[in-house]
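Colleague: I am new to reading protein models, and I would like a close look at one part of this one. Could you take me through the nonpolar core and the helices that build it?

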Amino acid sequence: MRSSAINQRFGARSDWAKPLPSERMTGDLHGRTLPCMKPGAVAEAKPRQHSGARIVLAHHEAGHAVLSAALNDAPHQVSIVADAATHGRTTQRMIARPSSLAQVYLAGFAAEHVLRGRRPRQLDQEVGFSILARTDPELMKAFDGAELRDGHRAIGEVLRVVQARTDDEILLEINRLYDAARESLGSVWPAVQRVASALVEAETLSREEMFAAIGRDDIYRPVFVVQARHGLPIR
Ligand SMILES: [Zn+2]
């Protein structure tokens with residue numbers, strides 16, 4: 001029952017249903033973690049350092065968390081504490097429509113983009129890799145944790161809507177959703193920044209602590225306006 005319900009939500013592909021080593025299921029049936037893989041940045045992301053990498057990571061997680069709260073489900077927990085496989089993670093149920101979930105997956109990179117004023121190269125690397133791996137499944141197996149990447153998961157959501165698509169069509173859709181995610185976060189940016197600052201200080205936030213950081217800001221209406229402008233339905 002439980003696993004078939006999860007299959008229904010995440011599609012029948014085994015990478016969605018199978019518990020992965022770095023995946024943390026919450027108590028909710030559809031709870032899952034967005035682990036944010038940051039290869040190459042491990043040395044910079046030491047706890048208790050207000051390094052540039054740590055601030056970027058905090059904004060990355062805050063982006064996932066705030067957009068998920070607006071479009072999907074408020075995270076149970078947001079963290080920038082590194083574990084063996086990931087540098088940070090948000091944990092929430094993934095219950096919204098695929099176009100919203102894809103944006104939640106893309107929101108980490110989108111927040112980095114707003115923060116630094118440029119599109120993160122890692123987004124294009126992950127998306128390009130995932131598109132290549134569609135025709136070469138061995139590629140996926142060769143890279144540990146590739147199935148956990150934000151870019152790969154966003155493509156998984158895009159492919160749930162329409163099955164047979166060309167690479168160019170997938171890229172166009174990813175870019176459209178990425179722009180919507182980036183503009184949505186831009187519309188509530190002070191709230192994202194406060195969640196990121198709270199993360200830099202506390203490292204891990206509960207749902208209540210995240211909303212305390214957001215304060216009285218409306219994180220819904222501005223995001224819904226952006227979604228409507230992009231022709232994206234909500235929930
Ligand atoms: Zn991420």
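Modeller: Happy to! One term will help us at the start: two residues are in contact if their C-beta atoms, placed from the backbone, lie within 7 Å. Please also keep in mind that this is a predicted model.

Let us begin with Val66. Leaving aside its neighbours within four places in sequence, Val66 is in contact with Leu185, Val188, Ala191, Val192, Val195 and Ile219. Val66 also belongs to the largest nonpolar core, which has 49 residues; together with Leu106 and Val195, Val66 touches the most other members. Several helices feed this core: α3 (52–71), α4 (98–116), α5 (121–135), α7 (150–161), α8 (167–187), α9 (189–202), α10 (207–214) and α11 (221–229) each give at least two residues to it. For the wider setting, the protein chain holds eleven helices and four strands, and buried residues make up 40% of its 235 residues.

Now follow α4, and look at how it meets two other helices. With α7, the packing angle is about 165° and the axes are 8 Å apart. That makes α4 roughly antiparallel to α7. Their crossing is left-handed. On the α4 side, the contact is made by Pro98, Leu101, Ala102, Tyr105, Leu106, Gly108 and Phe109, and on the α7 side by Asp150, Arg153, Ala154, Glu157, Val158, Arg160 and Val161.

With α8, the axes come within 7 Å and cross at roughly 60°, and this crossing is right-handed. Here α4 contributes residues including Ala102, Leu106, Ala110 and Val114, while α8 contributes residues including Leu177, Ala181 and Leu185. You have met Leu185 already, as one of the contacts of Val66.

Finally, turn to α10, where Met210, Ala213 and Ile214 are buried. Seen down the axis of α10, the buried residues fall within an arc of 105°, so they line one face of the helix. A general rule is handy here: an α-helix has 3.6 residues a turn, so residues three or four places apart point the same way. The buried residues of α10 pack against α3, α9 and two strands, β2 (77–79) and β4 (204–206). Just after α10 comes Gly215, with a positive phi of about 70°.

One last number for the whole protein chain: among contacts with a separation of 6 or more, 70% join residues 24 or more positions apart.

Note on methods:
Residues numbered from 1 in each chain as written. Predicted model: local features only at pLDDT ≥ 70, side-chain atom pairs only at ≥ 80, totals over all residues. Core = buried A, V, L, I, M, F, W, Y, C linked by C-beta atoms within 7 Å. Buried ≥ 20, exposed ≤ 12 C-beta atoms within 10 Å, placed from the backbone. Arc of directions from axis to C-beta. Axes fitted to C-alpha atoms, helices over the stretch in contact; angles between N-to-C directions. Parallel < 35°, antiparallel > 145°, perpendicular 65-115°, else oblique. Left-handed = near helix turned anticlockwise from the far one by under 90°.
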